[in-house]
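Here's a walk through one protein model, taken a piece at a time. Keep the structure open and follow along.

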Amino acid sequence: MIICRYRRPLSEIEAITEAHRAYLRTLQERGILVASGPLDPRFGGLWLVRVQGENPLAELDALRDGDPFCQHGLANYELLPWKVMQGKEGLDKL
């Protein structure tokens, strides 16, 4: 799970939002992104992602580093490896 918190005014975020969403679409097409969207109120967003390697933090780092918000210094990220125990079957269907 990746929690993204904006560091800059929303006007600066909106200028890069389409590039950010295009990046997320590529992750979805590759089967990495399960779901994403802005938080309400809009101070950031959340991504639910699949990482399957031996080093999930390195994979999460790479996903963050590819995001245009990160590349433009617009957001801070909280990277949370998550071992699903209950409901895994439902997530695996997504």
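We'll start with the sheet, move on to the helices, and finish with the charged pairs. Bear in mind that this is a predicted model.

Let's begin with the strands. There are 4 of them in an open sheet, and reading across, the order is β2-β3-β1-β4, with antiparallel pairing. Which strands stand at the edges? Those are β2 (33-38) and β4 (75-79); each has a single partner strand, so one side of each is left without a neighbour in the sheet. On average, neighbouring strands of this sheet are turned by 15° against each other, if you ignore direction.

Now zoom in on β1, residues 2-6. On one side, 5 bridges join β1 to β4, and the two run antiparallel. β1 is also joined to β3 by 4 bridges, again antiparallel. Ile-2 is a handy residue to click on here: its bridge partner in β4 is Leu-79, while in β3 its bridge partner is Trp-47. Further along, Arg-5 stands opposite Asn-76 in β4. As for how β1 sits in the fold, the strand is mostly covered, with 4 of its 5 residues buried.

What lies across β1, β3 and β4? That's helix α2, residues 56-66, which runs at about 160° to β4. For β3, look at residues 44-49.

The other helix to visit is α1, which covers residues 10-29 and includes Thr-17. Is Thr-17 buried or exposed? Its relative accessible area is 8%, and since buried means under 20%, Thr-17 counts as buried. Its side chain has a polar atom that lies 2.8 Å from the backbone oxygen of Ile-13. If you leave aside neighbours within four places in sequence, Thr-17 is in contact with Arg-42 and Phe-69.

On to the charges. Side chains of opposite charge can pair when their charged atoms come close. How many salt bridges does the model have? The count comes to 6.

One of these brings us back to the sheet: Glu-78 forms a salt bridge with Arg-5, and their closest N and O atoms are 3.0 Å apart. Glu-78 is in strand β4 and Arg-5 is in strand β1, so this pair ties together parts that are 73 residues apart in sequence. Both ends are partly exposed: Glu-78 has a relative accessibility of 31%, and Arg-5 comes in at 37%.

Another salt bridge joins the side chains of Arg-25 and Glu-18, at 2.8 Å from N to O. Arg-25 is partly exposed at 40% relative accessibility, and Glu-18 is partly exposed too, at 48%.

Finally, go back to helix α2, where Arg-64 and Asp-61 both lie, 3 residues apart, or about one turn of the helix. These two form a salt bridge as well, with 3.2 Å between the closest N and O atoms. Arg-64 counts as partly exposed at 21% relative accessibility, and Asp-61 is also partly exposed, with a relative accessible area of 29%. There's a third member to pick out here, as Asp-61, Arg-64 and Asp-65 are linked in a network of salt bridges.

Methods:
Residues are numbered from 1 along each chain as its sequence is written. This is a predicted model: local features need pLDDT of at least 70, side-chain atom pairs count only at pLDDT 80 or more; totals for chains, interfaces and linings use all residues. Side-chain values use heavy atoms; hydrogens and water are left out. Buried means under 20% relative accessible area, exposed over 50%, partly exposed in between (1.4 Å probe, protein chains only). A polar contact is a pair of N or O atoms within 3.5 Å; within protein, one must be able to donate a hydrogen and the other to accept it, and residues adjacent in sequence count only if both atoms are side-chain atoms. Contact means heavy atoms within 4.5 Å. Two strands pair if DSSP finds at least two bridges between them. Axes are lines fitted to C-alpha atoms, for helices over the stretch in contact, and angles run from 0 to 180 degrees between N-to-C directions. A salt bridge is a side-chain nitrogen of Lys or Arg within 4 Å of a carboxyl oxygen of Asp or Glu.
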